Amino acid sequence: MIEIRIHGRGGQGNVVAAYILAGAAFNAGRYCQAFPAFGAERRGAPVVAFVRIHDSPIRRRSQVRSPDYLIVQDEHLLHDPTLTAGLKPGGGCLVNSNLSSEDLSEMYGVAMTALPAGQMSMAMMGRAVPNVPLLSAFLTLTELMPLDALKKAMGERFKGTVLEKNILLVDEAAQRVPAGAWKEISLARSA
Amino acid sequence: MLEALEGSMAIAKAVTRCRPEVVAAYPITPQTHIVENISKLVADGQLKTELVSVESEFSAASVVLGAAAAGARAYTASSSQGILLMAEVLFNISGMRIPMVLTCANRAIGAPINIWNDQSDSMAVRDSGWIQIYCADNQEAVDSTIQAYRITERTELPVMVCMDGFVLTHTYEPVDIPDQDLVDSYLPPFEFKRALDPMNPKSLGTMVGPDFFPEIRHSHHQAMVRSMSEIEAADADWQNLTGRQCGGLLSVDGPEDADLGILCIGSAINTLHAAREEHPELRPAKLIKLRCYRPFPAAALCEACRGLKDLVVVERAFSPGLGGIIGTEVRAALAAGDGPMPRIVNYTIGLGGRDIPIELYPQLIESLDSAHDGAFKIFDVELEKLAEEDR
């Protein structure tokens, strides 16, 4: 079973990201589960959402305490050291940041992959919603499932130009991270 | 066919399949997405119903009462304080023996205000004369919602389908929404023989004095007890149609010869199931899923507990000053049965949305080393957070 925790702030599309990722897994023939751990819902407040992906039905409903992967939509949330504390040894951490992966990893003492997802979204959509580029980068790094499964899941939620621009963001983000860099982790976790 | 859906959307779609003629609800977290999605399905032309916007839960319950009394298939949903605001009407609905279905997206009750999941809301109205069915996952919530219409229309007892707020309502997972034809074949159109009819005037809810009141209550109780066979039949027939069943009144899973039982209600049973799988080294345990809480299936419970030395009752509400609610009822049922009594320990977990981790399971079993018969506690309480005098 693969467990993913997504951190962000209210308004960044955290829960949507979790649902889309789970939907992509479902489209790729896997079992999935996604759910939020809301605080009091409001824009800007820290929000956490969880995703599980497995080859058989998922029964546990507990929160993900030791994720295989972290997706962090707001770099500043990393100032709370407990955020990365539960990450499994060898797990991957993907962060929306304009810094280089090296600088980011050095700054927080944890290996991280950076993607300027907010900046990309701002350029494409005129809004800094980092979730779609991050999901694309995540799937490119892990090769957990083809990007088409992600695009299909997005098509179930977005329409018109929003969908078109988000699909362009998927393709753009996929070019900006090393494909398959986390594949070994995901293979080991799936087993 | 499986599709991946948020629990609330799955319920909205299941309700749509039941062809309700009147829907009235007032939004409250975590029930809101159910109402929003029903509203969207109506706007999209996928559900033809009279969707009544109301200003409170009291009105929502009153609208569906009136609609069902006039012979319409009716639906409402609420949570927490909303259920409490409905309470007076809930008793009226069941007392008049009006068929309808309500989804309770289980949430804690304030103060202190808390939007997260426990089951204090539905437990607060356990004596309202409604059937209460608790769901372990979203598929069960979908299937139980459809079954609930059949049960309510055959028994003339309203049915509350309880699903854990957030844990189920906001979880996106694969579910099968049965085809309309299948649901139509299972659920014939609603024919309420006592429906109010201006051409044949009669009255519902008239005053009943001491000369008949105990008899009305007796017949209500008898109807509740008799409804157990309808609840089981509804699930069995559903299984014949879909291949799926929800566990009737209650279900037992685990090694036949295990002498430890863990009884649970709602979605936590699945976490316990996963935890048991992860801890094969621990004492073997039967997991008893109590699906139907009202009527209380005492005979089935005695049967399920036959041969147990220890029984852990795990629940998500409690009665301050008493302890566990379900645990107390389980003890009473087993004491009245003919088998030997197991040692019963009773824990409340997950109040106000506290996470129920896998690690809780070994702790539950280890607690039996020292727990005495009849012990009760809020199992996951962190006493160090309290002042000394409050511990």
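Biologist: Which kind of crossing does H3(B) make as it passes H4(B), left-handed or right-handed?

Modeller: Right-handed: that is how H3(B) passes H4(B). Bear in mind that this is a predicted model.

Biologist: Why are H3(B) and H4(B) called roughly parallel to each other?

Modeller: Their packing angle is about 25°, with the axes 7 Å apart. Angles under 35 degrees count as roughly parallel, so H3(B) and H4(B) earn that name.

Biologist: Which residues make the contact?

Modeller: On H3(B), which spans residues 57-69, they are Glu57(B), Phe58(B), Ala61(B), Ser62(B) and Leu65(B). H4(B), at residues 80-95, brings Gly82(B), Leu85(B), Met86(B), Val89(B), Leu90(B), Asn92(B) and Ile93(B).

Biologist: Over in chain A, what makes E5(A) mostly covered?

Modeller: Five of its five residues are buried. A residue gets that label if 20 or more other C-beta atoms lie within 10 Å of its own. Gly92(A), Leu94(A) and Asn96(A) point one way and Cys93(A) and Val95(A) the other, yet all are buried.

Biologist: How do you know that E5(A) pairs with E4(A) and with E6(A)?

Modeller: Count the bridges: at least two are needed for a pair. E4(A) and E5(A) share four, in the parallel sense, and Leu70(A) stands opposite Cys93(A) there. Three bridges join E5(A) to E6(A), again parallel, with Asn96(A) opposite Leu115(A).

Biologist: What hand does the β-α-β unit of E5(A), H3(A) and E6(A) have?

Modeller: That unit is right-handed, with residues 101-108 of chain A as its helix.

Biologist: Back to chain B: what makes E9(B) and E15(B) edge strands?

Modeller: Each of them pairs on one side only. The open sheet has six strands in the order E9-E11-E10-E13-E14-E15, with mixed pairing, and the twist averages 20° from one strand to the next.

Biologist: How many bridges hold E13(B) and E14(B) as a pair?

Modeller: Six, in the parallel sense, and Val313(B) has Asn346(B) as its bridge partner.

Biologist: At what angle to E11(B) does H9(B) run?

Modeller: About 170°, as H9(B) lies across E10, E11 and E13 of chain B. Angles over 145 degrees count as roughly antiparallel, so H9(B) and E11(B) fall in that class.

Biologist: And which element gives the largest share of the side of chain B that touches chain A?

Modeller: H9(B), with four residues. In total, 18 residues of chain B are in contact with 16 residues of chain A.

Conventions
Residues are numbered from 1 along each chain as its sequence is written. Chains are lettered from A and ligands numbered from 1 in the order in which they are written. This is a predicted model: local features need pLDDT of at least 70, side-chain atom pairs count only at pLDDT 80 or more; totals for chains, interfaces and linings use all residues. A residue is buried if 20 or more other C-beta atoms lie within 10 Å of its own, exposed if 12 or fewer, and partly exposed in between; C-beta atoms are placed from the backbone. Helices (H or I, at least four residues) and strands (E, at least two) are DSSP runs, numbered from the N terminus. A crossover is right-handed if, with the strands pointing away from the viewer, the path from the first strand over the helix to the second runs clockwise. Axes are lines fitted to C-alpha atoms, for helices over the stretch in contact, and angles run from 0 to 180 degrees between N-to-C directions. Angles under 35 degrees count as roughly parallel, over 145 as roughly antiparallel, 65 to 115 as roughly perpendicular and the rest as oblique. A crossing is left-handed if the near helix is turned anticlockwise from the far one by less than a right angle, and right-handed if clockwise. Two residues are in contact if their C-beta atoms, placed from the backbone, lie within 7 Å.
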